[in-house]
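I am opening a notebook on this structure, and I want to record what I looked up, entry by entry.

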Amino acid sequence: MRPRSGDDSTSRTPRLGDWLWLLACLLLSSAWCLSAGTRLGATFDEPLYLRTGLADWHAGGHRGLMRLGTMPLQIDVATLPLAHAERSRGAPFDVATELPQILPQARAMTLAFWILLLISGWRAGRVLAGPWGGRLAVALLASEPSLLAHASLATTDIALAACLLAFAVQYRGGVSTGWAQRVLLPGIWFGLALLAKASALVMAPLSMLVIALGDGRRDRAALRDGSVIIAAGLALAFVYCGSDWQSEPSFLAWARAQPADAVWQPAVQYVAEHLRIFTNAGEAIVRQIRHNLRGHGSFLLGIADPHALWFFFPVLLTIKLSEPLLLLSVAGGAAALRRWWHRAATDTVSQPANWPLRLAAVLILYSLTFRVQLGIRMVLPIVAYLAVGVGIALARAITAATEGWPRRGLAAVAAAAIGFNVFTVSRLWPDGLVFVNRLWGGPTQGYRLVSDSNYDWGQGIPALRAWQADRQIAPLSVWYFGTDPRAAEPPLQLVALHDLPLASRDDVLAALDGRVLAVGATLLYGSGEARGSDAHRQALAVLRERAPFAHVGTFLIYDFR
């Protein structure tokens with residue numbers, strides 16, 4: 001009989017030292033995120049999220065976000081204090097002109113999900129590996145560069161990772177308890193994860209499947225509970241998103257375009273005119289499914305593809321995971337396989353399964369089907385599961401080691417891993433998005449390997465303006481990937497090379513003659529090479545044959561004077 005979560009001897013009441021450790025991780029990492037959020041420029045998505053989120057608060061619904069295919073939970077949380085401030089001052093915010101003032105407030109609200117992520121990881125670690133399991137799990141979460149980077153932004157990715165981890169912890173922990181903890185609470189957490197991001201529709205049921213199989217639960221009761229959990233989560237998502245009770249214009253247009261002599265045309269048109277249930281959560285979910293089927297364009301290791309690269313996420317994880325987490329994940333995975341093989345051969349009962357590590361492995365395999373490859377942010381739940389799973393595996397190894405050098409050596413490995421990450425993120429601050437581990441050359445050369453939200457998501461305008469003020473280069477031409485309105489404020493001067501009539505190398509040189517040009521890394525090395533215009537490709541050919549004279553944050557600077 002496999003031990004259930006309620007039988008785990010490691011689930012003791014936390015002591016003062018455990019609470020202090022958790023508090024230190026929460027406070028130090030939150031300070032990193034809050035301070036970084038005031039220094040970084042707007043990423044590509046944030047201005048749109050703020051405009052749409054505030055407009056939905058004014059309208060009293062979620063129509064704008066549903067039309068974008070964006071689930072509303074994190075955007076509602078981020079814009080809540082701004083909506084309240086608008087009512088207090090009696091006038092709406094102008095995102096175009098007031099973004100520097102309101103963006104840090106919206107970003108600060110992401111800390112609610114960051115704290116949830118750390119507490120959930122701490123709980124999972126404690127249950128499966130005792131006090132040191134919790135300590136190592138939360139420390140690895142709190143010091144992982146990509147997690148910190150996205151916890152500093154008003155975007156949806158940390159919210160998904162946090163709600164999905166909380167869902168998995170509750171589902172695993174509620175196995176031997178009553179209906180409320182076994183079914184109702186996991187259903188609520190699934191609904192919240194789905195409201196954070198539509199990809200939870202697949203990730204949460206897959207998480208349930210992996211955990212249930214790992215616990216040996218293959219009976220009808222487990223299937224029934226899982227079905228109710230999914231139904232409850234979907235119901236919560238649809239109720240929260242609401243509806244404007246309107247007909248769907250695209251459905252109506254399609255119905256009216258049917259042949260007039262078709263037998264079904266009157267019935268189809270009647271349904272389209274009277275089915276007034278839109279907009280709703282289903283619309284956003286369907287838009288995301290279509291997006292994934294269509295692909296979005298991808299860039300990795302210098303390879304640009306207009307749709308997707310099948311190996312994208314497994315390779316990307318080796319680039320964007322911190323060195324300790326990457327190496328310990330490989331070691332932990334190998335050790336888990338060895339234990340599984342021994343248990344299968346001897347039919348022995350071992351410790352409860354390290355389900356976070358198993359979940360990470362399954363989701364990495366499943367990521368081969370993901371065609372929206374906009375960055376590691378799309379698979380942040382994998383990063384979170386890896387951090388928690390590695391913390392559990394390391395704590396178990398330390399506990400199982402004999403006294404003396406073996407145990408002290410493993411403890412030193414754990415301390416070195418956390419210390420290495422703390423050193424890395426302290427040097428990386430405030431821009432964690434540009435992180436590339438040293439095994440791949442580090443952040444300074446990362447733009448040749450990855451793009452978009454993996455490196456240049458439009459956040460580099462403040463650093464560029466500071467560099468321009470120091471060098472006194474005016475005007476400074478900018479070919480920019482992003483939506484930060486400060487990119488168009490003098491002395492910066494936007495130059496959209498991809499939209500100019502550039503048919504040859506000479507056309508590009510003529511357009512750039514006499515300019516100092518700052519080029520966003522994503523435009524120079526990104527999917528635009530495969531998806532962009534002829535002008536874009538002509539500009540790339542000219543720029544790549546020259547060496548930039550400066551590298552400022554996410555920009556490379558070229559002198560054509």
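**Entry: helices H12 and H13.** I began with the residues through which these two helices meet: on the side of H12 I noted Phe251, Leu252, Trp254, Ala255 and Arg256, and on the side of H13 I noted Gln265, Val268, Gln269, Val271, Ala272 and Glu273. I should write down at once that the model is a predicted one. I then looked up the axes of H12, residues 249-256, and H13, residues 265-274, and found that they come within 9 Å and cross at roughly 165 degrees. Because angles over 145 degrees count as roughly antiparallel, I entered H12 and H13 as roughly antiparallel to each other. The hand of the crossing of H12 and H13 I noted as left-handed.

**Entry: helices H8 and H18.** At what angle do the axes of H8 and H18 cross? I found roughly 50 degrees, with the axes coming within 8 Å, and I noted that H8 covers residues 157-173. That angle makes H8 oblique to H18. H8 passes H18 in a right-handed crossing. For the contact I listed Asp157, Ile158, Leu160, Ala161, Leu164, Leu165 and Ala168 from H8, which meet Leu380, Pro381, Tyr385 and Val388 from H18.

**Entry: aromatic pairs.** I turned next to the aromatic rings, and the count I wrote down for the structure is 13 aromatic pairs. One of them joins Phe313 and Phe370, whose ring centres are 5.9 Å apart and whose planes stand at 75 degrees, an edge-to-face arrangement. Where in the chain do Phe313 and Phe370 sit? I placed Phe313 in helix H15, residues 312-320, and Phe370 in the loop between helix H17 (355-366) and helix H18 (380-400), so that, with the two positions 57 residues apart, the pair links distant parts of the chain. Phe313 and Phe370 are both buried. I also noted that Phe313 and Phe370 belong to one aromatic cluster together with Phe312 and Tyr366.

A further pair that I looked up is that of Tyr447 and Tyr455, which is edge-to-face as well, at 6.2 Å centre to centre and 65 degrees between the planes. Tyr447 is buried, and I found Tyr455 buried too.

**Entry: arginines over tryptophan rings.** I found Arg135 over the face of Trp132, at 4.5 Å from the ring centre, and Arg408 over the face of Trp405, at 4.8 Å from the ring centre.

**Entry: Val95.** Is Val95 buried or exposed? With a relative accessible area of 5%, Val95 is buried, and its place is in helix H5, residues 95-108. Leaving out residues up to four places away in sequence, I noted that Val95 touches Pro47, Leu50, Arg51, Leu54, Ile102 and Pro485. I also looked up Val95 against Ile376, and the two are 281 residues apart in sequence and, from C-alpha to C-alpha, 27 Å apart in space.

**Entry: Ser527.** I ended with Ser527, which lies in the loop between helix H22 (521-524) and helix H23 (528-531). Its relative accessibility is 17%, and Ser527 therefore counts as buried, since the cut-off for buried is under 20%. Setting aside neighbours within four places in sequence, I listed Gly297, Ser298, Phe299, Ala304, Asp305, Ser451 and Gly532 as the residues in contact with Ser527.

Technical notes
Residues are numbered from 1 along each chain as its sequence is written. This is a predicted model: local features need pLDDT of at least 70, side-chain atom pairs count only at pLDDT 80 or more; totals for chains, interfaces and linings use all residues. Side-chain values use heavy atoms; hydrogens and water are left out. Rings of Phe, Tyr and Trp (its six-membered ring) pair if their centres lie within 6.5 Å; planes under 30 degrees apart count as stacked, over 60 as edge-to-face and the rest as tilted. Helices (H or I, at least four residues) and strands (E, at least two) are DSSP runs, numbered from the N terminus. Buried means under 20% relative accessible area, exposed over 50%, partly exposed in between (1.4 Å probe, protein chains only). A charge sits over a ring if NZ of Lys or CZ of Arg is within 6 Å of the ring centre and within 35 degrees of the ring normal. Axes are lines fitted to C-alpha atoms, for helices over the stretch in contact, and angles run from 0 to 180 degrees between N-to-C directions. Angles under 35 degrees count as roughly parallel, over 145 as roughly antiparallel, 65 to 115 as roughly perpendicular and the rest as oblique. A crossing is left-handed if the near helix is turned anticlockwise from the far one by less than a right angle, and right-handed if clockwise. Contact means heavy atoms within 4.5 Å.
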